Amino acid sequence: MKIGVFGGTFNPPHQGHLAAARTAISALGLDKLLIIPAAIPPHKELPEGTPAPEHRLAMAEKMADALLAPGVAEASGLELTRTGKSYTSDTLERLREQYPDDELWLLMGTDMFLTLHLWHKPETILKLAGVCAFGRSEQDTEEVFAPQREHLQKTFPGAKITTITLPGLVDVSSTQLRELLAGGEGEEYLYPAVYGYILMHGLYGVRADLKRLDIPELRACSYSMVMQKRVRHIRGTEEEAVRLARRWGANENYARRAGILHDCTKYLSGGEHIAICEKYGVPLDELERKAAKLLHSKTGACIARHVFGEPDEVYEAIFWHTTAKADMTTLEKILYVADYMEPNRSFDGVERLRELAYSDLDRALLLGVETTIQEMKDRSLPVHKSTLRAQAWLREQGVTTEG
Ligand code: ATP
């Protein structure tokens, strides 16, 4: 197995780190990439206001997840849990024990590469791992790399050194970014989920009122709470909900905000869902207690209301977006249907649902509700009572899916 080792302070991880990691995975053909934030970097002081280790690890996890390489990229707390200076040679020795038969590749930008001979135990580093260096700016050309490569190869015979070129250079450092963030700028250098994490935890002097976020910030916070593979669906639901709101005369802003937040608690554990429901006084029946899929709509609504200050309309739309219910408002119907048929969904019958959504919203809702009921029956799972009530309510009004 080929394992990339990407160390740094990642304080915070930015688009430059992400571009380097993404390119290294494909250029080196890595089977695994470990992103390892340093506890105490040997080369530099951690600046005042550096977030606690758990925050830096969480941001590194967001960076790993952003690479959308499940099973390949992961963040490691190896250095954060070790006391003393975070020497790369110690880390590589530990990794060598853990992966005795695998090929290790240490990834680093120009600044690190040019000083590598001055690091603690460079001979150990170059014995245990190959080095993959990449430029950080336009100035970092082969002329910059070549003398150092030759010097290292001469001083440490057998050293494996390769240089890769990043197609999308992002000329920024975490130091510059921290300054920008403290001045209310710089989010363009951050992956949205990392920016959202910073906003939600008030890191780097960013003081956002979570109850008054505008749309890009609200998106970033929502994306910071979920796995990145879900973001496409969330984005699709937001856009579909806005289109449907326009078509059916509902509040577009509420539709957008409900779409953005509807799945924000999707990845919480059963215990976390129950704790939120207890905290905010949401009663749960037996079925809901056992089914996280049913709980995420209720807890998502709670977070929308209590953390992000969303109004009742948005709360209710999120609350009912999984089960539906009798007497739904237009906005509630819209979120339910948008979630079902947004452009990334594909299942037998989705085209008909898409057509109905724009010609007859109630029929689309009934089709969604009955598709769910059928699916539950096929899988021998119980159907939630609110879903059955939604079906009865629509049928009583003469709504039908036939024709
Ligand atoms: P700081 O400004 O706090 O020193 P930094 O931006 O240099 O931080 P580090 O976490 O120290 O980030 O860097 C980790 C690794 O990523 C290093 O090998 C560094 O060279 C590389 N790196 C940092 N920024 C970029 C960038 N913009 N493009 C490519 N590689 C980068």
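Me: Across which strands does helix α3 (residues 88-98) lie, and at what angle does it run to β4?

Reply: This is a predicted model, in which local features need pLDDT of at least 70 and side-chain atom pairs count only at pLDDT 80 or more, while totals for chains, interfaces and linings use all residues. Residues are numbered from 1 along each chain as its sequence is written, and side-chain values use heavy atoms, with hydrogens and water left out. Helix α3 lies across β1 (2-8), β2 (32-37) and β4, running at about 155° to β4. Helices (H or I, at least four residues) and strands (E, at least two) are DSSP runs numbered from the N terminus. The angle, on a scale from 0 to 180 degrees, is taken between N-to-C directions of axes, which are lines fitted to C-alpha atoms, for helices over the stretch in contact; contact means heavy atoms within 4.5 Å.

Me: What makes β4 (residues 103-109) and β5 (residues 130-134) a pair?

Reply: Two strands pair if DSSP finds at least two bridges between them. β4 and β5 have five bridges, in the parallel sense, and therefore meet this definition. Within the pair, L107 stands opposite C132 in β5.

Me: Why are β3 (73-75) and β6 (161-164) said to stand at the edges of the sheet?

Reply: The open sheet has six strands in the order β3-β2-β1-β4-β5-β6, with parallel pairing. β3 and β6 each have a single partner strand, so one side of each lacks a neighbour in the sheet. From one strand to the next, the twist averages 25°.

Me: How do you know whether the length of helix α6 (residues 142-155) agrees with its number of residues?

Reply: The expected span of a helix is 1.5 Å times one less than its number of residues. For the 14 residues of α6 this gives 20 Å, and the distance from its first C-alpha to its last is 20 Å, close to the expected value. Helix α6 lies across β5 and β6 and runs at about 165° to β6.

Me: How do you know whether helix α14 (residues 292-306) passes the length test too?

Reply: Its 15 residues should span 21 Å, and its end C-alpha atoms are 20 Å apart, which agrees.

Me: What makes α14 mostly covered?

Reply: Eleven of its 15 residues are buried, where buried means under 20% relative accessible area, exposed over 50% and partly exposed in between (1.4 Å probe, protein chains only). Among the buried residues are L294, H296 and C302. The buried residues of α14 pack against α11 (252-261), α12 (270-279), α13 (286-290) and α15 (312-319).

Me: Why is Y197 called buried or exposed?

Reply: Y197, in helix α8 (residues 192-201), has a relative accessible area of 11% and is therefore buried. Leaving aside neighbours within four places in sequence, its contacts include E54, H55 and S224.

Me: Why is C277 not joined to C302 by a disulfide?

Reply: A disulfide requires a pair of cysteine sulfur atoms within 2.5 Å. The sulfur of C277 is 5.5 Å from that of C302, its closest cysteine sulfur, and this is too far for a bond. The sulfur of C264 also has C302 as its closest partner, at 9.8 Å, too far as well. A search of the whole structure finds zero disulfides.
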